[in-house]
Amino acid sequence: MRTPTTTHPTELLHRAAHALWTDGDLTTSRTHFDAAYRAAQATGDHHTRTLAVAGMGGLWVHEHRTTSDTTLLLHRLHHAIADTDPHTPLGIRLRARLAAEQDYRTATHTATLALLDQARATGDPVTLTETASLAHHCLLGPDHTRLRHELSQDALTAALATDRPGDLLVALLWRTVGQFLDTHPHAERSLAELHTHLTHHDHLAVSYVAHAIDVMLTIRAGTLTEALARAATCARRGTAAGDADTAGWYGAHLTTIAWYQGNLTDHLPMLRELAVSPTLSPVDHSYRAALAVASALAGHRREATAALARLHRHDLTTLPRSSSWLVTLHGIVEAAHLLDDGHLATEAYDLLAPYADRPMLASLAITCFGSTHHALGTAALTAGETDRAITHLHAAIQDNLSLGHLPATTLSRARLADALTRRAGPHDRREAERQRHLAHTDATELGITLPTPPAHRRTPHRPRIQCHRHGRHWQLALGHRTATIDDSVGVRYLATLLANPGHDIPAIELAGSAEPTTGHQPVLDDTAKRAYRRRLSDLDATIDDADAAHDPHRAEQARTERQWLLDELATHTGLHGRDRTFTGNTERARIAVGKAIRRALDRITATDPVLGEHLRTTISTGTRCSYRPS
């Protein structure tokens, strides 16, 4: 970094601009822009001071990470905007910077895109290329494919008309990043073109990002030892460029490599530190999710549960749809799988489902955990949705092969083998053995370690929860703990599951009715009716024993539950005991039943957190629902 040796504001501004837009030296440019601002303020040079503010934010959004630096930047922007005509190119550049800084911190983009339209109208290429670049930062989530493509076209066209060599490199970089995020078939061609331009004109900041993407591709290729070396070299480039993301991106590379090598627990100290690092983006929660996974793998259940609770809070919908959202959800799903948390896995599944065909990339495509189908398959497997899990994991293998992500393909094969083994259909054993053999062969060649399925671990016995109806209320009991809640559809679903521990009951049977289709199904199939009748027989015996022992309280509880079961059977059968049929939509029933049960669980948790936690970890919802207390 060069220290300013002159106090003339114009000269300082020129050096700052050259460092930023020609050299990509973020540290030097920040120093010179600040010096130019102070010198211009001292001499009353309003125009130079305003230009210094326009460049002070840097090349990217959120370059200023400390609270004091961020506050100072925003303070100067507000003052510069107040003193500048808002409709001039310079006024729009200032307002675009302020809008992008604020949009980025809230994972939104409305204000920045509104200014992009104004930037187009100016006809000024510098204003357009800067505004388009700023807007890109706010559109890195999984929902913005079309907008990213439009921005890339704007940025490339404008960059060719400026006299700043860095503008074209930045525009080419954004095109490359967008293509990787959207699995464009020519993404690697775009990266190669960018590297060619960088050989003719080195730009520290852009070169750093390009080499970070190279590390991601090296991991995909399965050459993990080489990836470790490249990650270290890349981090040194980030430090030389003065990029605030250097520590976070290096940590992301190390975490991804460790995940595939099977030694993620060795990085627990690093993950604990990075999860609370002030250098992280305010919308990046991926390290908290990685910490949950590593803690669960290490057997630190409390730490893993606490990390998930920090992420989950009230529900997962509060997590911002930022550039790290898919990777964060991947970590949450993996941790839920390790902790056997079917409720959390189902919640994550519903959020991830629209993005099944997306790769789980983070930030500017600097690391990748493979196809989102893998996370969906894992979530479904955790929730007891074995058929659905197998479908997703088959798709994950194909997508990961298409991505050229060999380690991810290997882990998807291993998890598919686990799912097939769990389903144990007529042909599943042979296919499971085939997939497991392929996974072990590839793992040996790639030098990666396959994870041990949670099902292979010993699960502690949990006592059963008891559920009895009393008029318009239900009483749940676990040991000496009890909770009374009002009747609802979701509670009735729970009562049915609690009365049949260990049995899978289709959601479409619990629902009782759904959207019409062309086929008719009985509301209760033979398996469910047999389970009801077994329970009725058990209750009859309990009543006889209680009466013989002169225990009226136990007899009354059993009679209440017996009457409820009889009412349920009457509800779901027609005249003369014939099956009542309904036209069923399995997917609609899955969603409706899952939501109703989760609402009931929320009410129970509010009444008694211990009972609620027991149910959340033992109730599985999906196409088939169950209560498995052990």
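The following paragraphs describe two groups of paired strands and the cysteines of this structure, which is a predicted model.

Strands of a sheet pair through backbone hydrogen bonds, and the pairing is either parallel or antiparallel. A hairpin offers a starting point. Strand E1, residues 359–362, pairs with E2 in the antiparallel sense, and three bridges link the two. Across this pairing, Ala362 stands opposite Thr367 in E2. Four residues lie between the strands of the hairpin, where Ser363 takes a positive phi near 55°. Strand E2 itself, residues 367–371, is mostly covered, with five of its five residues buried.

Further along the chain numbering, there is an open sheet of three strands, arranged in the order E6-E10-E9 with antiparallel pairing. Its edge strands are E6 (505–506) and E9 (619–620), each of which pairs on one side only. Between E6 and strand E10, residues 624–627, there are two bridges, and these strands run antiparallel. Within this contact, Pro506 has Arg624 in E10 as its bridge partner.

The cysteines complete the picture. A disulfide is a covalent bond between the sulfur atoms of two cysteines. The structure holds zero disulfides. For Cys368, the reason is distance: the closest cysteine sulfur, in Cys234, is 16 Å from its own sulfur, which is too far for a bond. Cys368 is also buried, with a relative accessible area of 2%. Another buried cysteine is Cys138, whose relative accessible area is 8%.

Key:
Residues numbered from 1 in each chain as written. Predicted model: local features only at pLDDT ≥ 70, side-chain atom pairs only at ≥ 80, totals over all residues. Heavy atoms only, no water. Buried < 20%, exposed > 50% of the residue type's maximum accessible area, 1.4 Å probe, protein only. Pairing = 2+ DSSP bridges. Disulfide = S-S within 2.5 Å.
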